[in-house]
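Grab a pencil and work through these exercises on one protein model. Try each task yourself before you read the solution.

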Amino acid sequence: MKYSAGSTLILALALLVGCLFVGTNLYYNRGDLSYNGVNISAPLDDTYIHLQYGRQIGEGEWFRYNDGDPVSTGASSFLYVLVLGAAHFVGFSGANLLGFAIIFGTVLFVLSALLGYGLGQRLAGERAGLCSGILIAANGAFGWGATSGMEVALFSVLILGTLLAFLRELSSGRFLLTPILAALAALTRPEGLLFAWVITGAVVFVLLRDLRKSRPYSLRSSLAVLYAFLPIAAGVAQYIFYTIATGSSIQNGVLAKSLLYEPVFYPTEFLDAVFQNLTKLNLIVLTGLEPGNYLFPGTILFCVLGTMYLALEDARYRMFAVASGTALVLAMSSTAILGLPGAPWGWHHYRYLLPFFPPVLIFAVVGFCSFAALRRETWLPG
């Protein structure tokens, strides 16, 4: 992403919105900026659960919620608690760890807007990049989630970073950053593993396709294919760790919330609940008809149009559109197995969906721009 007036505008807007959220938090919680620290509060109890795991990791009690407890899988984000543990280890102890989490999320919120600008610009030009960055920075639900002290912004940045790296490296056929970023996304959320699997499959497909064209095979090309499997290896390693340490590979949050682990499992009821959740996800939330105005009206329609336009009209972006569209649909749809219709996947301003808002908005902008371009081509003579 090159420096431009557009990136400066996005940076300023995202900083302003992020500071407004943090400032409002301080105001309502009677913030104290004295030497005793900052009196700041998190809106979610899950934040404090992750902070507790972070403190314990920083003190050497890895994944033990309290001293002497057995290792547990209560943290839904493996990578995020490691980040918090590192922050605690270097000195962000006590209440300062919460301050670090919120400021860290705010910085990542700004970065997500800049990445959205870069990805939109690369896909559909400067105007699309500018609109993408503004929509991300001005999205109140995403701003709330990013400054909640949870992994929302971290996960979103890794999704956007993976997509941008994948798009850039497709042209050269040398995938260096894509596997690393996809692996980090796989370690951040359970949905991230599904996202990473699809991206990994696309990378391996491209490498094997190029490998067939460049016979005889070389050691370097074979190693490149093995390196592409890094995200899957990271995900498998996480669940092997859970199995060895706890006797179960399933995270506590998934056990508590997923319809797959109901005490009595009825396939027809499961399918009905998932269908209802998917219906609300697509026809209300992503369509922009939710009363809270999380997205602009018609978002999902323009998003689909943008993906189809990239896949069908521009051969340069065909693989990117198919892979990224499939990855995002699969990862977002997986949240539909979390609880009965509307709960808990719809709790907390749809916080399980918030990390996907930025890429959805980017593809929607691309769709809007492609629709406008097609309209001009239809109406202009000659």
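**Exercise 1. Find how many cavities of 30 Å³ or more there are, and describe the largest cavity.**

Step 1. Start with the rule: on a 1 Å grid over the protein atoms alone, a cavity is a set of points where a 1.4 Å probe fits but cannot get out. The count comes to one cavity of 30 Å³ or more. Bear in mind that this is a predicted model, where local features need pLDDT of at least 70, side-chain atom pairs count only at pLDDT 80 or more, and totals for chains, interfaces and linings use all residues. Residues are numbered from 1 along each chain as its sequence is written, and side-chain values use heavy atoms, with hydrogens and water left out.

Step 2. The largest cavity has a volume (the space filled by probe spheres set on the points, which are joined across faces, edges and corners) of about 50 Å³.

Step 3. Its lining residues (those with an atom within 4 Å of a point) are Glu151, Val152, Phe155, Arg189, Glu191, Arg351, Tyr352 and Pro355.

Step 4. Sort them by class: four are nonpolar, none polar and four charged. Here Ala, Val, Leu, Ile, Met, Phe, Trp, Tyr, Cys and Pro count as nonpolar, Asp, Glu, Lys and Arg as charged, and the others, Gly among them, as polar.

**Exercise 2. Describe the largest pocket and its lining.**

Step 1. A pocket is an open set of points with protein on both sides within 12 Å along at least five of seven lines. The largest pocket has a volume of about 650 Å³.

Step 2. Among its 31 lining residues, Pro190, Glu191, Tyr239, Gln251 and Val254 lie nearest the centre.

Step 3. The helices (DSSP runs of H or I, at least four residues, numbered from the N terminus) α2 (45–58), α9 (190–213) and α12 (252–257) each supply at least two lining residues.

Step 4. By class, you get 15 nonpolar, 11 polar and five charged residues.

**Exercise 3. Work out how α9 packs against α10.**

Step 1. The axes (lines fitted to C-alpha atoms over the stretch in contact) of α9 and α10 (residues 219–228) come within 9 Å and cross at roughly 170 degrees, on a scale from 0 to 180 degrees between N-to-C directions.

Step 2. That makes α9 roughly antiparallel to α10, a label for angles over 145 degrees.

Step 3. The contact (heavy atoms within 4.5 Å) includes Val203 and Leu207 of α9 and Ala224 and Val225 of α10.

Step 4. By class, this contact has eight nonpolar, two polar and no charged residues.

Key. Angles under 35 degrees count as roughly parallel, over 145 as roughly antiparallel, 65 to 115 as roughly perpendicular and the rest as oblique.
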